[in-house]
Amino acid sequence: MKRVAVVLSGCGFLDGAEITEAVSVLIHLDRRGLSFSCFAPDMPQTSIVNHATHKPGVGTRNVLEESARIARGKIAPLASLTASDSDAVVFPGGFGAAKNLCDFASNGPDCSVQTDVARTLREFHAARKPIGLCCIAPVLAARVLGTASGGPGCTLTIGADPGTASALSKMGATNVDHRVTEAHVDAKNLIVSTPAYMCESGPHGVFTGIGALVDELAKLLGPR
C-alpha cells in the first residue's frame with residue numbers, strides 16, 4: 001500500500017491547520033486506499049487565537065500537540081519524517097501553514113520556512129515523490145523550490161487572489177488560477193495543489209477540490 005505523510009500545522013484555521021481541509025485530506029486518502037501518517041513540528045505556535053472572538057488568545061500552544069487533535073493522537077514529530085518513509089507528502093492549509101510552517105503571514109515573499117518543512121520539501125522533490133499542497137500551503141513550495149531560492153521554479157494554484165499570486169511570482173513560482181473544486185498538476189515537479197479556502201467557498205467545494213488533489217496524487221503514485 002502506498003504511504004502518504006500529512007504535515008499539520010496546529011488545529012484551527014486562524015493559528016493552525018484548517019480543520020475541514022485536514023480532515024478532507026485524510027478522508028480522501030482513505031477513500032483511495034492510501035495509508036497515511038500525520039506529522040507536525042514539535043515547537044511552540046507563533047500565535048494563539050481565540051477562534052470564538054478572532055482575537056489573540058492567552059497562553060501558549062505546541063504545534064505537535066494541537067495537531068494531534070486532528071490526527072486522533074497518532075502523530076509524530078516532523079523531524080522524524082524522511083522521504084524514504086513515505087511515497088508522497090501533503091500539506092493542508094490554514095494560517096498555521098503561513099505562521100508556523102513558515103512566516104509568510106508576516107513577511108510575505110521574503111518569508112523563511114521552518115527547517116524541517118524545508119528539508120521535507122527538498123527531500124521529496126529530489127526523490128521524485130509527489131507533493132500535495134492546499135490553500136495557502138503552496139507558498140511553502142514557492143519559497144523552497146522557487147527560482148528566487150535557487151530552485152527549479154514550479155507552477156501552483158492559490159486561486160485568483162492577486163496579492164498571493166504576486167508573492168508567488170516574486171519567489172520564482174507561477175500561479176495558475178483554478179476554481180475551488182479543481183486541482184493543478186505541475187507534472188515536471190510532481191506537485192499537486194488546490195486553492196481550497198483561498199476561494200470563497202463552503203466546505204463541500206473545499207472537500208471536492210481536495211478530492212481532486214488526492215485523485216491526481218494517486219495517479220502520480222501509480223498502482224498500489
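Select Val4 and Ala88 to begin: Ala88 in S6 is the bridge partner of Val4. Before going on, please keep in mind that this is a predicted model.

**Stop 1: the strands around S6**

Now widen the selection to S1 and S6. These two strands run parallel and are joined by three bridges. Next, add strand S7 (residues 131-134), which pairs with S6, again in the parallel sense and over three bridges. To see one contact between them, pick Val90 and look across to Gly132 in S7, which stands opposite.

Stay on S6 and show its side chains. Which way do they point? Ala88 and Val90 point one way, while Val89 and Phe91 point the other way. All four of these residues are buried. As a rule, side chains in a regular strand alternate between the two faces of the sheet.

**Stop 2: the whole sheet**

Zoom out and colour the strands. What is the order of the seven strands in this open sheet? Reading across, you will pass S5-S2-S1-S6-S7-S11-S10, and the pairing is mixed. At the edges sit S5 and strand S10 (184-186), each pairing on one side only. If you turn the view, you can follow the twist: neighbouring strands of this sheet are turned by 25° against each other on average, direction ignored.

**Stop 3: salt bridges**

Side chains of opposite charge can pair when their charged atoms come close. How many salt bridges does the structure hold? There are nine, and the tour visits some of them.

Start with Asp87 and Arg3, whose side chains meet in a salt bridge at 3.9 Å, N to O. Asp87 lies in the loop between strand S5 (75-77) and strand S6 (88-91), and Arg3 lies in strand S1 (residues 3-7), so this pair ties together parts that are 84 residues apart in sequence. Asp87 is buried, with a relative accessible area of 18%, whereas Arg3 counts as partly exposed at 38%.

Now select Arg31 and Asp215. Their side chains meet in a salt bridge of 2.9 Å, N to O. Arg31 belongs to helix H1 (residues 19-31) and Asp215 to helix H8 (residues 203-221), so the pair ties together parts that are 184 residues apart in sequence. Arg31 is partly exposed, with a relative accessible area of 45%, and Asp215 is partly exposed too, at 23%. Add Arg32 to the selection: Arg31, Arg32 and Asp215 are linked in a network of salt bridges.

For a pair within one helix, go to helix H2 (residues 63-70). Glu66 and Arg69 both lie there, three residues apart, about one turn of the helix. They form a salt bridge, with the closest N and O atoms 3.2 Å apart. Are these two residues buried or exposed? Glu66 counts as buried at 10% relative accessibility, but Arg69 counts as exposed at 58%.

**Stop 4: the largest pocket**

For the last stop, switch on a surface. Rolling a probe the size of a water molecule over the atoms shows where empty space is left. About 270 Å³ of space lies in the largest pocket.

Which residues should you select to find its centre? Gly94, Phe95, Cys135, Ile136 and Met198 lie nearest to the centre, out of 13 residues that line the pocket. Then show helix H3 (95-99) and helix H4 (104-107), since each supplies at least two residues of the lining. Colour the lining by class and you will find nine nonpolar, two polar and two charged residues.

Notes: Residues numbered from 1 in each chain as written. Predicted model: local features only at pLDDT ≥ 70, side-chain atom pairs only at ≥ 80, totals over all residues. Heavy atoms only, no water. 1 Å grid on protein atoms, 1.4 Å probe; cavity = no way out; pocket = protein on both sides within 12 Å on 5 of 7 lines; lining within 4 Å. Points joined across faces, edges and corners; volume = space filled by probe spheres on them. Helix = DSSP H or I, 4+ residues; strand = E, 2+ residues; numbered from the N terminus. Nonpolar A, V, L, I, M, F, W, Y, C, P; charged D, E, K, R; others polar. Salt bridge = Lys/Arg side-chain N within 4 Å of Asp/Glu carboxyl O. Buried < 20%, exposed > 50% of the residue type's maximum accessible area, 1.4 Å probe, protein only. Pairing = 2+ DSSP bridges. Axes fitted to C-alpha atoms, helices over the stretch in contact; angles between N-to-C directions.
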